[in-house]
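Here's a quick briefing on how the pieces of this fold sit against each other. Have the viewer open as you read.

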Amino acid sequence: MPELPEVEVTRRSLTEQMVDAVVHEARLGKSLRWPLGCTEASLAGRVVGALQRRGKYLWMPLSARPMAAATEDAGGLLLHLGMSGSLAFGRDLVPAGAHDHFELTTSRGTLRLTDPRRFGAVIWSSGPGDARAAKLLSALGYEPFDPSFDGPQFHRLLKVRRAPIKAVLLAGQVIVGVGNIYASEVLFRAGIDPRLRSNRISQARAHRLLAAIRQTLERAIALGGSTLRDFRDAYGSAGAFQAEALVYGRAGLPCPNCGAPIRRLEQGQRATYFCARCQRR
DNA sequence: AGTTAAACCTGGTTGC
DNA sequence: TGCAACCAGGTTTAAC
C-alpha cells in the first residue's frame, strides 16, 4: 500500500493525536520483518514526540521523560508499513484481529499496526548512531520536497545509471518515496517512456520529471493518499487519489490524453502502466 | 558497483 | 462450488 503520500498522510494524522502521549504498554504479536530490538517493558513511561518521515519510514521519538533534551535521549521507534501495513490510533479501537501485530497503549489512546503480509517493521533505535537504523536509512536518496534538491542535481544522478528510469525511481537511491503506483503516474505525466534508460534522459526532461514527481505526490497527499484495497490514515479514513490515477491499473482503457489503449508491462517483477504514444523514449 | 532475480508473507480475484 | 494460478502499494539478500 504505502508510498510516500500514504506514509506522509499517516504521519500527519498520527502526530496530531499522539504528541506528548505517555506510553503505558507495548505489545508485539506475530513477528514482523525484524525483531523489535528492545524489551516491550522498556518503552513504558516514554513520551511521544512529533513524528518525522524519511522516505517511506516513520520515525517516532520516544523520550525517557518529559522535556528530555534531544541530545540526552534520542531514542524512538522506526516504523515501516511494508506492502500492506497501516496505522490506526484511538481510544476505542475495535478488538485486535489476526493481522494486528503491534500495539502501543498510551495516555491518549492506542496505536495499532495492522499488516496482513507482515513486510512491515517496527524497530527500536537508540538514536542517529544506532547501527540497525542507520543501515536502513543510509542508502536513501533525496527527499522529493527537499529544497536543496533541484533539476540539475537530479539529472546528474540519473546520468550515472543505466537501468530503465522506472526501476531507478523505484530503487529509491536517487529520490525516495516513489513506489509502484506513483512511478507509472509521474512518468506518464512527464511524457517519458518507463523503459527509457536513466542515463539517456536529457536535462530538460529530468527537470520535467522532478516537477511531475512533486506535483503528483503533493496532490496525492492532499487527497489522503491512494486506497487500492486497505490503506487508511490514523483516523481510519481512506485516500482518494486512486480516482485520479491516469494510467495505473488501467491496462486496455483509453489514454486520457490521446485515447490509445494503456499498456501494461513488467519491469523488475513489477507491473508498469503507460501510454506508448504519449510517453517517448 | 550496478543490475536482476529470489525471497519474505497473506489474502483477494480470476479462470478452469 | 473447488481449487490452482496469478496478482498485490516494498525492500533486503544473494547472485550474475
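Helix 5 and helix 6 cross with a right-handed sense. Keep in mind that this is a predicted model. Helix 5 covers residues 180-190 and helix 6 covers residues 203-222.

**The helix pair**
- The two helices, 5 and 6, pack at about 125 degrees, and their axes lie 9 Å apart.
- Helix 5 therefore counts as oblique to helix 6, since an angle of 115 to 145 degrees is neither roughly perpendicular nor roughly antiparallel.
- On the helix 5 side, the contact is built from Y182, E185, V186, L187, R189 and A190.
- Helix 6 answers with R208, L209, A212, I213, T216, L217 and A220.
- Sort the residues of this contact by type and you get nine nonpolar, three charged and one polar.

**The sheet**
- Four strands form an open sheet in the order 1-7-8-6, and the pairing is antiparallel.
- Strand 1 (23-28) and strand 6 (86-90) are the edges, each pairing on one side only.
- On average, neighbouring strands of the sheet are turned by 15 degrees against each other, ignoring direction.
- Strand 6 and strand 8 (residues 109-114) run antiparallel and are joined by five bridges.
- Looking for a specific pair to click on? A88 has R112 in strand 8 as its bridge partner.

**A helix on the sheet**
- Helix 1 (residues 4-18) packs on the sheet, where it touches strand 6, strand 7 (100-106) and strand 8.
- The direction of helix 1 makes about 20 degrees with that of strand 6.

Definitions and conventions
Residues are numbered from 1 along each chain as its sequence is written. Chains are lettered from A and ligands numbered from 1 in the order in which they are written. This is a predicted model: local features need pLDDT of at least 70, side-chain atom pairs count only at pLDDT 80 or more; totals for chains, interfaces and linings use all residues. Side-chain values use heavy atoms; hydrogens and water are left out. Two strands pair if DSSP finds at least two bridges between them. Axes are lines fitted to C-alpha atoms, for helices over the stretch in contact, and angles run from 0 to 180 degrees between N-to-C directions. Contact means heavy atoms within 4.5 Å. Angles under 35 degrees count as roughly parallel, over 145 as roughly antiparallel, 65 to 115 as roughly perpendicular and the rest as oblique. A crossing is left-handed if the near helix is turned anticlockwise from the far one by less than a right angle, and right-handed if clockwise. Ala, Val, Leu, Ile, Met, Phe, Trp, Tyr, Cys and Pro count as nonpolar, Asp, Glu, Lys and Arg as charged, and the others, Gly among them, as polar.
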